[in-house]
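Trainee: Could you take a close look at one part of this model for me? I'd like to see how a single strand sits among its neighbours, and then how its chain meets the other one.

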Amino acid sequence: MIQIIDYGAGNIKSVQNALKKLGIESKIISSVEELRTDCKTIFPGVGAAGNAMSELEKRGFAQTIPQIQAPFLGICLGMQLLMESSEENETECLGIIKGKVRKFQNKPPTLIKIPQIGWNKVSTKSAEPLFKDIPDQSYFYFVNSYYVSPDSDQVSTQIGETAYGINFASAINKENFYGVQFHPEKSGEIGLKLLNNFCKLC
Amino acid sequence: MLIIPAIDLIDGKCVRLSQGDYSQVKNYDQDPIEVAQKFKKQGINFIHIIDLEGAKEGKPINFPKTAEVAETTGLAIQTGGGIRTFEDAEKILNSGIKRVILGTSALANPKLVKDLVSKFGADRIVVSIDAKDGIVMIKGWIEKSDLTLEEAFEKLKDTGLEIIIFTDVKRDGMLKGINPENIKKVLNKGFKIIVAGGVTTQEDIDQLETLNVYGCIIGKALYEGKINLPNPNPKPNTLSKRIIPCMDIKEGRVVKGTNFINLKDAGDPVELGKFYSDMGADELIFLDIMATVEKRDTLYELVRRISENINIPFTVGGGINTLEDIKILLQNGADKISIGSKAAKNPNFVKEASQKFGSQCIVISVDPKKIDGKWKLFIKGGRENTNIDAIEFAKQMEQSGAGELLVNSLDRDGMKNGYDIPLLKAITSAVNIPVIASSGAGSKEDFLEAFEEANVDAALAASLFHYGEIQIPDLKKYLAKKNITIRI
């Protein structure tokens with residue numbers, strides 16, 4: 001059983017559909033009373049950081065999420081909210097991993113369009129359980145204008161890297177908390193494999 | 001911004017003048033082919049070659065050498081100097097040279113510009129306006145004309161011309177930097193501006209980038225090592241270009257028309273979508289072309305089925321009128337919503353929608369048609385001209401928070417003779433959000449052209465895929481071979 005946190009800022013349906021394809025049961029949690037700290041959790045999210053954080057605080061999730069003991073996966077905005085703060089709306093986030101969320105810059109010599117929309121490669125370390133049986137440099141689907149930048153003493157939390165003008169952390173992990181900038185639920189077969197790996201984590 | 005290194009030729013050799021003064025020649029004594037090859041290695045793909053003798057004499061003299069540079073290096077070249085007749089321009093344009101630059105002749109004879117643009121297209125003709133203290137200079141900058149800059153622009157307004165090279169003669173070859181005040185005076189006059197004269201440091205380039213000029217020409221500063229070309233190995237960007245099959249939906253079934261008539265049934269959207277996803281499509285678009293309020297439930301049901309069965313991103317569009325429409329489609333599993341007529345009628349709607357749901361799910365569908373040399377925005381499936389300038393509209397949509405633009409072309413739709421490259425180029429240079437090319441694809445080469453020439457991020461086709469005229473895996477292999485970043 002996977003619990004999916006619904007705070008009004010995610011394409012919950014797609015995540016649930018993807019899990020359903022894998023034959024994994026899931027439950028959508030929209031109030032903090034239903035949230036269990038011993039249950040695997042997926043934390044999706046699209047939209048702006050400011051709104052999302054105020055929703056999380058209003059619903060009481062902001063205090064409880066850091067107490068979760070079971071494997072926890074933040075997707076896209078859900079990953080960004082694990083950091084200390086975001087440049088987007090100058091938002092203070094959950095602070096589970098030390099570092100910031102920054103905006104992509106369209107500056108020479110590498111001109112990029114913002115948002116990043118489309119399939120990009122993720123470089124991974126082979127031993128990462130989240131990327132088990134997923135080839136290095138596999139393509140995943142991204143939609144983002146901001147990226148996660150862990151503090152320099154937190155480099156070990158980066159388990160995936162992607163190039164879009166700069167090299168940024170596209171997957172992170174600290175203890176039971178995982179985050180991916182891409183959308184595994186929208187990344188075809190390889191994305192399903194990653195979700196399946198997550199569901200098998202102890 | 002396009003960075004264009006300059007080569008000046010006298011007697012087939014590279015030289016540089018200061019302030020256009022022929023007595024201040026610096027002879028670098030190099031073969032232009034070698035110089036061009038060097039630029040090419042540094043990642044340059046466009047070069048500016050001026051025939052100084054030609055400019056002085058009023059007829060092309062070093063033209064054979066220029067054609068040789070183009071042929072040997074394969075670089076795109078714009079060339080000028082003494083091109084004053086239709087025949088001279090034609091000869092050069094037919095020799096493999098990308099663009100001709102007209103100077104003096106253009107101002108004395110706007111009809112020549114008009115004739116050349118209509119025969120060769122606005123992308124191949126450029127007029128160079130050289131000015132000193134706001135007055136246009138002619139004959140290789142030796143003489144003052146009796147025209148002010150304003151008057152010169154006015155003369156070119158109705159020729160169909162799109163690109164102007166503006167040279168600040170006082171700054172040229174002086175290594176003293178650009179004068180942004182003079183440059184600002186020529187921006188927003190309805191032309192794309194390439195700045196020449198005085199581009200000396202990286203700060204100059206950055207400043208031009210902020211001014212949003214189309215390109216800049218760098219000469220002396222390059223030869224004397226004051227400026228380095230952009231790093232040929234820029235920081236990597238591995239984002240792949242997207243191939244998107246588009247399914248027009250009517251009452252839950254796939255149709256595709258040619259120029260929006262002659263609809264044909266091409267299958268079940270979910271089956272077809274799944275097939276494309278398995279074939280390697282990067283994304284899918286479903287457009288409800290007969291969207292009516294009564295038939296909405298059919299669409300919602302379809303969207304639900306798609307999201308249950310397909311796990312690549314998909315966009316839904318057609319008849320989107322309210323924030324509630326968007327909300328329900330997203331709740332049913334759509335990733336992005338394409339908005340058309342409503343955005344043209346009420347740009348504020350786009351602002352509200354992007355604030356409420358996030359820019360990432362707002363795609364604006366733009367339907368331009370060229371009328372009297374300008375792209376006008378059409379709505380209602382191409383039936384109604386809004387008289388809005390399509391390029392300005394694109395910029396406005398970006399400011400309103402659109403995450404992406406889907407650019408159709410009413411002139412090309414269903415014609416299968418290629419995407420509308422000039423239109424797409426105009427839009428990708430006007431905005432910095434992703435652009436999806438639509439309308440006109442008929443061959444693999446058309447996709448390549450859109451990615452290479454028009455800098456689009458995704459390319460869409462419908463019947464071409466539905467009737468198996470092009471298979472997505474073949475197309476992707478072809479593009480990968482041509483060095484397009486593509487997901488295979």
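Mentor: Sure, and keep in mind that this is a predicted model. Let's start with β16 of chain B, where four bridges tie this strand to β17(B), residues 314-317, and the two run parallel. One of the contacts to look at there is B:L284, whose bridge partner in β17(B) is B:F314. β16(B) also pairs with β13(B), residues 242-250, again in the parallel sense and over four bridges. Here you can pick out B:F286 in β16(B), the bridge partner of B:M247. As for cover, β16(B) spans residues 284-288, and four of those five are buried.

Now zoom out to the chain around the strand. Chain B has 20 helices and 24 strands, and 57% of its 488 residues are buried. Take its contacts between residues at least 6 apart in sequence: 66% of them join residues at least 24 apart. What chain B still exposes comes to about 20200 Å², with carbon and sulfur atoms supplying 46% of that.

Then there's the boundary with chain A. About 3200 Å² is buried between the two chains, and carbon and sulfur give 52% of this area. On the chain B side, B:L239, B:N311 and B:N432 lose the most area to chain A, together 21% of what that side buries. The contact draws on 45 residues from chain B and 35 from chain A. Between the chains there are two salt bridges; one of the pairs forming a salt bridge is A:K186 with B:D335, whose closest N and O atoms are 2.8 Å apart. Among the elements on the chain B side, α12(B) brings the largest share, four residues.

Conventions. Residues numbered from 1 in each chain as written. Chains lettered and ligands numbered in written order. Predicted model: local features only at pLDDT ≥ 70, side-chain atom pairs only at ≥ 80, totals over all residues. Heavy atoms only, no water. Buried < 20%, exposed > 50% of the residue type's maximum accessible area, 1.4 Å probe, protein only. Pairing = 2+ DSSP bridges. Contact = heavy atoms within 4.5 Å. Areas by Shrake-Rupley, 256 points an atom, 1.4 Å probe, with all protein chains shown as cover. Buried area = accessible area lost by both parts, 1.4 Å probe. Salt bridge = Lys/Arg side-chain N within 4 Å of Asp/Glu carboxyl O.
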